[in-house]
Amino acid sequence: MTDDDNDRYRAPALDKGLDILELLAAVDGGLTQAEIAKRLDRSPNEFYRMLDRLVRRGYVTRIDGDRFTLTLKLFGLAQLHAPVRRLVSFAVPLMRDLAEASRQANQLCVFDRGYPVVIAQQEAPGYWGISIRVGSRISLFDTGSGHVLLAFRSREEREMMIAENLGDSGDQHHITPEFIARLDQIRERGYEMMPSAQTAGVINLSAPVLGADGKAVAAVTVPYITLINSPGAPDITTAIQLVTQTTRKLSEMTGSNFGTNV
């Protein structure tokens, strides 16, 4: 394509929007409208309408009154793209091995538009197990997967994930100092172990799949139930070791392929 062809098919408004998104993706803490204009060598007035549209469409949000930063909407859209299909293809054999070794079901979740979403599910090999449908959107605040996805993200990213989940309600009752301290504890020990808030007698064992940057791109969870009539079934301590071994293997497989794109 020649330079003339490039000029003929230019879309200035689209270019302007993409310039803003690419700029904000490269900075921490956001930028003011004036700072955006200065960095892009344009007049601030040129970006007013574009920023307004990006905010209204959910790609950009205001922080500290006059600063603009990216939301996680682009991150959510990436969940629909080929990298997630690759992640599932890597995960399924490991999830199958995990189910056989633990005698428990397990599932793989990613964060999408405010919620952990189940993108793969492996049934328990025996008669008994807790399963959840692929495509299910589960709680961010009272599930092992949600805790892990929040724990292995930066403070700023956590805040955006939580804000996206709460939407217009603004209900912050989940976000207590104790909750934040729990996320830090999960990050330090490398996994979550918590009673299910949905099903009595189930203990959620969850660990992160990490990208090349050390951030969670997904979570693997075993909804652990005690198997009374299954001699030799692993106890809960062994089960959590199996979960963390599985996620370490998956992290090694996916880290160089996904980076921050999932």
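A salt bridge here is a side-chain nitrogen of Lys or Arg within 4 Å of a carboxyl oxygen of Asp or Glu. The model shown in these views is predicted.

**View 1. Arg137 and Asp112 form a salt bridge.** The N to O distance is 3.7 Å, so the pair falls within the 4 Å cut-off. This contact links distant parts of the chain, with the two residues 25 apart. Asp112 belongs to strand E4 (residues 106-112). Arg137 sits in the loop between strand E5 (115-122) and helix H7 (144-151). The two partners differ in burial class: Asp112 is buried, at 5% relative accessible area, whereas Arg137 is partly exposed, at 41%.

**View 2. Asp112, Arg113 and Arg137 are linked in a network of salt bridges.** The Arg137 and Asp112 pair of View 1 belongs to this network. Arg113 is also a member.

**View 3. Glu157 pairs with Lys215 in a salt bridge.** The closest N and O atoms are 3.1 Å apart. Glu157 lies in helix H8 (residues 155-166), and Lys215 lies in the loop between strand E7 (203-210) and strand E8 (216-224). The pair therefore ties together parts that are 58 residues apart in sequence. Glu157 has 13% relative accessibility, so the residue counts as buried. The cut-off for that class is under 20%. Lys215 is partly exposed, with a relative accessible area of 24%.

**View 4. Arg56 and Asp52 form a salt bridge inside one helix.** Both residues lie in helix H4 (residues 48-56). They are four residues apart, about one turn of the helix. The closest N and O atoms are 2.9 Å apart. Arg56 counts as exposed, because its relative accessibility is 60% and the class begins over 50%. Asp52 is partly exposed, at 28%.

**View 5. The whole protein chain gives the setting for the close-ups.** The chain has 10 helices and eight strands. Of its 262 residues, 44% count as buried. A search of the whole structure finds 12 salt bridges; among them are Arg56 with Asp52, Arg137 with Asp112 and Glu157 with Lys215. Take the contacts between residues at least 6 apart in sequence: 58% of these join residues at least 24 apart. The accessible surface comes to about 14,200 Å². Carbon and sulfur atoms account for 50% of that area.

How values were computed: Residues are numbered from 1 along each chain as its sequence is written. This is a predicted model: local features need pLDDT of at least 70, side-chain atom pairs count only at pLDDT 80 or more; totals for chains, interfaces and linings use all residues. Side-chain values use heavy atoms; hydrogens and water are left out. Buried means under 20% relative accessible area, exposed over 50%, partly exposed in between (1.4 Å probe, protein chains only). Contact means heavy atoms within 4.5 Å. Accessible areas come from the Shrake-Rupley method with a 1.4 Å probe; for residues, only the protein chains shown count as cover.
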